[in-house]
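Welcome, and thanks for opening the viewer. Please load the model below and keep your selection tool handy for a short walk through it.

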Amino acid sequence: MTLDLVSSTRAFGGEQRVYRHASAATGTDMEFAAFLPAEALRGEACPTLVWLSGLTCTWENATTKAGYQRLAAEFGMIVLAPDTSPRGADVANDEAYDLGQGAGFYIDASQAPWAPHFRMESYVAGELLELAAAELPVWEEAIGIAGHSMGGHGALTLAMKHPDLFRSVSAFAPIVNPAACPWGEKAFTAYLGSDRAAWADHDACHLATSRGWERDILIDQGGADGFLEEQLRPWAFDAACRSAGIDLTLRMQGGYDHSYYFIASFLADHFAWHAERLTG
């Protein structure tokens, strides 16, 4: 399996690239963005951060709005930003923004009509990193994961489910308890079925107590986020981490909302967090 280079743009001494490939995991063509710092262009193995975006997004949102290229260049870090779901005319979809294409929730669906293509856990934690490691100078012992909203859910759950793969994790406004919020209940019912027992392995609050996490976690949450009370509820994850003895830094940022302005305001802290944990 090979990567096709769609575009490459010079930025901060490195290159912001977009790749396309045929995915065995999803059975579709997939695209992802990859920022390569100058060290990577010279063939040096680099720590790598996987960035997972939220509902309605593609790889493009973080790549154009977050401003991570300067930070990735400063820390000598590769950044991989995959899409949020499989896409295409033959891929199941829904008219609502919070289900179907653009709303994969980083899980492997088991229910029709989603199961054939919606296999985003297998894609992100398997195929994407295998392809990147084969084609790019990824330092495979120094991979972190971060994300926003639905992507924050994905970052937390995939880190706890794949601790040998991901060495650091952080999130912005993550959906920490999808089994108990409208976004998650809708998506999990569609993708996994009505048996709530099947949902537990995709819920960060449950995973914190059932699997744990031996390292620390950083979360930033906007205090003026319109989704805070109904959908995000970070205090539930804080309670789960305290119960499980997980070192969680939860920072409530007064006046900030759910947007990329919020992410851009604190992204430097997250890159420094990952750089310290991936490289010492």
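A polar contact here is a pair of N or O atoms within 3.5 Å, where one must be able to donate a hydrogen and the other to accept it. Keep that cut-off in mind for the first stop, and remember that this is a predicted model.

**Stop one: Asp108.** Select Asp108, in the loop between strand 5 (78–82) and helix 4 (120–135). Is Asp108 buried or exposed? Its relative accessible area is 18%, so Asp108 counts as buried, the limit being under 20%. Now show its side chain: a polar atom there lies 3.4 Å from the backbone nitrogen of Met120. The Asp108 side chain also makes a polar contact, at 2.6 Å, with the side chain of Ser122. Widen the selection to the residues that Asp108 touches beyond four places in sequence, and you will find Phe118, Arg119, Met120, Glu121, Ser122 and Leu192.

**Stop two: two cysteines.** Next, select Cys205 and Cys241. Why is there no bond between them? The sulfur of Cys205 is 7.7 Å from that of Cys241, its closest cysteine sulfur, which is too far; a disulfide needs the two sulfurs within 2.5 Å. Both residues are buried, Cys205 with a relative accessible area of 10% and Cys241 with 1%. Searching the whole structure turns up 0 disulfides.

**Stop three: the largest pocket.** Finally, select Leu55, Thr56, Cys57, His148 and His258, which lie nearest the centre of the largest pocket among its 14 lining residues. The volume of this pocket is about 230 Å³, and its lining has 6 nonpolar, 7 polar and 1 charged residues.

Conventions:
Residues are numbered from 1 along each chain as its sequence is written. This is a predicted model: local features need pLDDT of at least 70, side-chain atom pairs count only at pLDDT 80 or more; totals for chains, interfaces and linings use all residues. Side-chain values use heavy atoms; hydrogens and water are left out. On a 1 Å grid over the protein atoms alone, a cavity is a set of points where a 1.4 Å probe fits but cannot get out, and a pocket is an open set with protein on both sides within 12 Å along at least five of seven lines; lining residues have an atom within 4 Å of a point. Grid points are joined across faces, edges and corners, and a volume is the space filled by probe spheres set on the points. Ala, Val, Leu, Ile, Met, Phe, Trp, Tyr, Cys and Pro count as nonpolar, Asp, Glu, Lys and Arg as charged, and the others, Gly among them, as polar. Buried means under 20% relative accessible area, exposed over 50%, partly exposed in between (1.4 Å probe, protein chains only). Helices (H or I, at least four residues) and strands (E, at least two) are DSSP runs, numbered from the N terminus. Contact means heavy atoms within 4.5 Å.
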